[in-house]
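Thanks for coming. I have one structure to go through today, so please look at the sequence and the model as I put them up.

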Amino acid sequence: MANITKKVSWSSRGDESGAAGEETPLLNGSEQSRPLRQSLDYDNIENQLFLEEERRMSFMAFRCLEISRWVICGLIGFLTGLIACFIDIAVEQLAGLKYKLIKENIVKFTEAGGLSISLLLWAALNSFCVMFGAIIVAFFEPIAAGSGIPQIKCFLNGVKIPRVVRLKTLVVKVVGVIFSVVGGLAVGKEGPMIHSGAVLAAGVSQGRSTSLKRDFKIFEYFRRDTEKRDFVSAGAAAGVSAAFGAPVGGVLFSLEEGASFWNQMLTWRIFFASMISTFTLNFFLSIYHNKPGDLSNPGLINFGRFESEAMEYNLYEIPLFIAMGAIGGGLGAFFNFLNYWLTIFRIRYVHRPCLQVMEAMLVAAVTATVAFVMIYFSTDCQPLGPDHTEEYPLQLFCADGEYNSMATTFFNTPERSVRSLFHNPTGTYNALTLGLFTLTYFFLACWTYGLAVSAGVFIPSLLIGAAWGRLCGILLASTTSTASLWTDPGKYALIGAAAQLGGIVRMTLSLTVIMVEATGNVTYGLPIMLVLMTAKIVGDYFQEGLYDLHIKLGSVPFLHWEAPATSHWLTAREVMSSPVTCLNRIEKVGTIVDTLSNTSTNHNGFPVVVQPAKLCGLILRSQLIVLLKHKVFVELARSRLTQRKLQLKDFRDAYPRFPPIQSIHVSQDERECMMDLTEFMNPTPYTVPQDTSLPRVFKLFRALGLRHLVVVDDDNRVVGLVTRKDLARYHVGKHGLEELHLAQT
């Protein structure tokens, strides 16, 4: 393996720190050791118990299972829509109270003097809201921080992220995002909806809550990773659909960003969940707005309709749109670069919960101060017409009948600011206002993403892009004598928003459809697609996407769609882990207990062999623990003829929190007993010869969602085992094929 550059360590173990490269300080600087990442079992275990259960099931039982899947998807969509509705109403009510209070205070002190009191009030209200949101995240459920999209991407990729789909995570996520948005941070509530939908899906599909210790005795058949993955895909799609009113975009998001497995029926079910989600949100918001039946609020963010003649575009504008895409890609890469090093700093120095809460409060206070100063010194006054759309117009030092234009961007929820940038008439903003706003909001959003608060990056990205996009439109109109060519800066705001978001998150297919569905105008499909493609190409040249960077920072062995391009010369023999801990088909209980108790290896899959070391099956740690718990020993089976035969239900009841081996008591006499693994092992595990190339191994592993792949020689003897970390450690970098040292998975 001389041609591979050994580049960077993803492990936080001290013995590997010497081999680390330039990025090592990030992970070794953390005061706590990072948890070892486990994989999920996306491959069905076709053992004798599984085959017997399948034989017993009638045709009607299979039909009932299929109907159950549709019912679960409907429930996922309905509940996701309800949560989105709750978040939207809570944010609107609380933000409304805050802005009215601050506005009254500013109006009062503008005349009387002493506006510093208004600034203190604004900063204090923001800090208080954010403090509450940060405390529940930092002290009660740290996994609820951020948007949750990187974690859900990892889950769907086959990596077990602890606590990511717990009920407690959902509660903290929902409450946290409400207080983050109300606290005036440069965040959006759309990203966390995807995580919320996924948590709901994982809970509903299991028919029980392990957090509440309640089992409703329904949907028991779906208590395995394979089924849960499909439902989590539906939950993520329903979250996108509720956030943007884009059911097709939700389906494509799950396909593009997450799912490692896909088929036609799954597509239908996910689309069904997405449609139910957006309809539920639409219906309940229509009741809230006293217009029952008026289904005009399909998502949490409504871009408004781009239907006026002024919004039409011409062929000669497409090169301009592509150039804006390149600008968005460059700005997005710069955003990601800054956030990457900021996250490294946080992992090293801001890892204590109290420090995380203090940082969040500081950002909230600084955001309010910057906004206040920008509004205070702004001289951009616009006439307040009878048909104005401003929610909280601030007059400040403007003449009567006018309002401060800078206040429209800052003194509002981010979603309303985006809509005003898209649709406010020409002349509403001047170039200086938009330039200053873009500059300040860019750095505020960059500083905010990664705080210990529940928040998304979608809306801040759209807002930054919409501001500089509208600025481009204004500058184009001012540089040409025929201003009618560039009639409406709103369309440039839309293109800028797409370019900025694409440059930061690097989504293409799903984001194009989301933007088209959210604008309600399919004619913008081509320019949006070209802009997003350009933003991705330019951004990828400099830096990875934001979600991929945070996945890498989390030391997650994430498998991309394809193996590294220059890896065909590598074989399974060079990639695999060896030697392998194998078990005999009839094994001594003491040997099994010792193997599972060995903390230095902590293996999760064991090839089962018959002498001389020939493979006859594969058994998982979780299965062995259930067998030990139920004491399925050969001697006991002979002595007690009436002993109940173990069924798949016993394994499903223990899922997903299998007890640790330390909690299972095995007496000295029982250690001498034997355990027959024939009935429980998977007799047909996937295997590859030693000389199989890395791309072939990768394709088999990734497409089938495997956890273990056994490497055998010509005589079917076990020579090695390929796991996720063996494949994830290779990637193409600046120095060709690079090898990363990963922690054991």
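I will start with the packing inside. The largest nonpolar core has 135 residues. By a nonpolar core I mean a set of buried Ala, Val, Leu, Ile, Met, Phe, Trp, Tyr and Cys residues joined through side-chain atoms within 4.5 Å. Buried means under 20% relative accessible area, exposed means over 50%, and partly exposed is in between, with a 1.4 Å probe and protein chains only. The residues with the most contacts inside this core are Phe 303, Ile 375, Phe 422, Phe 458, Leu 462 and Ile 528. Helix α3, residues 59-112, gives the most to this core, with eleven residues. Helices here are DSSP runs of H or I with at least four residues, strands are runs of E with at least two, and both are numbered from the N terminus.

Before going on, a word on the source. This is a predicted model, in which local features need pLDDT of at least 70 and side-chain atom pairs count only at pLDDT 80 or more, while totals for chains, interfaces and linings use all residues. Residues are numbered from 1 along each chain as its sequence is written, and side-chain values use heavy atoms, with hydrogens and water left out.

Back to Phe 422. Leaving aside neighbours within four places in sequence, Phe 422 is in contact, meaning heavy atoms within 4.5 Å, with residues including Phe 303, Phe 306, Arg 470 and Leu 494. Apart from the core of Phe 422 lies another core, of 29 residues, with Val 589, Leu 624, Leu 628 and Ile 664 among them.

Next, a single residue. Ser 127 is in helix α4, residues 115-140. Is Ser 127 buried or exposed? Its relative accessibility is 11%, so Ser 127 counts as buried. Not counting residues up to four places away in sequence, Ser 127 touches Met 361, Ala 364 and Ala 365. The Ser 127 side chain also reaches the backbone oxygen of Met 361, at 3.5 Å.

Now the sheet. Three strands form an open sheet with mixed pairing, in the order β13-β14-β15; two strands pair if DSSP finds at least two bridges between them. Why do β13 and β15 each have one side without a neighbour in the sheet? β13 (687-689) and β15 (718-722) stand at the edges with a single partner strand each, so one side of each is left free of a neighbour. The twist averages 30° from one strand to the next.

β13 and β14 pair in the parallel sense over three bridges, and Thr 687 has Val 710 in β14 as its bridge partner. From β13 the chain crosses through α27 to β14, a β-α-β crossover that is right-handed: with the strands pointing away from the viewer, the path from the first strand over the helix to the second runs clockwise.

On the other side, β14 (residues 709-712) and β15 run antiparallel and are joined by four bridges. Leu 709 stands opposite Val 722, and Val 711 has Gly 720 as its bridge partner in β15. Leu 709 and Val 711 point one way from β14, Val 710 and Val 712 the other way, and all are buried. The hairpin of β14 and β15 has five residues between the strands, and there Asn 716 takes a positive phi near 65°.

Definitions and conventions. Axes fitted to C-alpha atoms, helices over the stretch in contact; angles between N-to-C directions. Polar contact = N/O pair within 3.5 Å; in protein donor to acceptor, adjacent residues only side chain to side chain.
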